Amino acid sequence: MNINVMSAILDDMDLEAGDEIGIFDGDVCVGFGVIDSAISMSNILAITASAKDGDTPGFTAGKTISYRFWDASAGVETSEVVAIYQQGDEVFSTQGSAYVA
């Protein structure tokens, strides 16, 4: 599944280069992206989430997508993340895509 992040703000501040956004199915990280410059409509962060394949961990279609931010400069993870879907919805879908802000 492709997740395209169009903006990412934590405590009223944009995430910075080196920060990470992780995509989770429960406690399993199924994909992540590292920010290299400010995220914007012209600089979207594209993240691919991997589906479960046999014994290989990944997402299960139909389960709720959750996100976590890693603030590289503070060394802090934030797991209470609210995503606003511009396209797609908050559940994993095989061959699906979503645009979030």
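These exercises work through a predicted model.

**Exercise 1. The aromatic pair**

Find how many aromatic pairs the model has, and decide whether the pair F59 and F92 is stacked, edge-to-face or tilted.

Solution.
- Step 1: The count comes to 1 aromatic pair.
- Step 2: The rings of F59 and F92 are 4.6 Å apart, centre to centre. The cut-off for a pair is 6.5 Å.
- Step 3: The angle between the planes of F59 and F92 is 10 degrees. Planes under 30 degrees apart count as stacked, so the pair of F59 and F92 is stacked.

**Exercise 2. Where the pair sits**

State which loops hold F59 and F92, and whether each residue is buried or exposed.

Solution.
- Step 1: F59 lies in the loop between strand 6 (45-48) and strand 7 (66-71).
- Step 2: F92 lies in the loop between strand 9 (85-87) and strand 10 (97-100).
- Step 3: The pair therefore ties together parts that are 33 residues apart in sequence.
- Step 4: Buried means under 20% relative accessible area. F59 has 3% relative accessibility, so F59 is buried. F92 has 2%, so F92 is buried too.

**Exercise 3. The open sheet**

Give the strand order of the open sheet and explain why one side of strand 5 and of strand 8 has no neighbour there.

Solution.
- Step 1: The sheet has 4 strands, in the order 5-4-7-8. Their pairing is antiparallel.
- Step 2: Strand 5 (28-34) and strand 8 (76-78) stand at the edges. Each has a single partner strand, so one side of each is left without a neighbour in the sheet.
- Step 3: On average, neighbouring strands of this sheet are turned by 25 degrees against each other, direction ignored.
- Step 4: Now look at one pairing. Strand 4 (residues 20-25) and strand 7 are joined over 5 bridges. F24 has S66 in strand 7 as its bridge partner.
- Step 5: Look at the ring of F24. The charged end of R68 sits over it, 4.0 Å from its centre.

**Exercise 4. The nonpolar core**

Name the residues that touch the most other members of the largest nonpolar core, then trace the contacts of M1.

Solution.
- Step 1: The core has 22 residues. M1, V5, I21, I23, I65, Y67 and F92 touch the most other members.
- Step 2: Strand 1 (2-5), strand 4, strand 6, strand 7 and strand 10 each supply at least two core residues.
- Step 3: Leave aside neighbours of M1 within four places in sequence. Its contacts then include I47, F59, I65, V91, F92 and A98.

Notes
Residues are numbered from 1 along each chain as its sequence is written. This is a predicted model: local features need pLDDT of at least 70, side-chain atom pairs count only at pLDDT 80 or more; totals for chains, interfaces and linings use all residues. Side-chain values use heavy atoms; hydrogens and water are left out. Rings of Phe, Tyr and Trp (its six-membered ring) pair if their centres lie within 6.5 Å; planes under 30 degrees apart count as stacked, over 60 as edge-to-face and the rest as tilted. Buried means under 20% relative accessible area, exposed over 50%, partly exposed in between (1.4 Å probe, protein chains only). A charge sits over a ring if NZ of Lys or CZ of Arg is within 6 Å of the ring centre and within 35 degrees of the ring normal. Two strands pair if DSSP finds at least two bridges between them. Axes are lines fitted to C-alpha atoms, for helices over the stretch in contact, and angles run from 0 to 180 degrees between N-to-C directions. A nonpolar core is a set of buried Ala, Val, Leu, Ile, Met, Phe, Trp, Tyr and Cys residues joined through side-chain atoms within 4.5 Å. Contact means heavy atoms within 4.5 Å.
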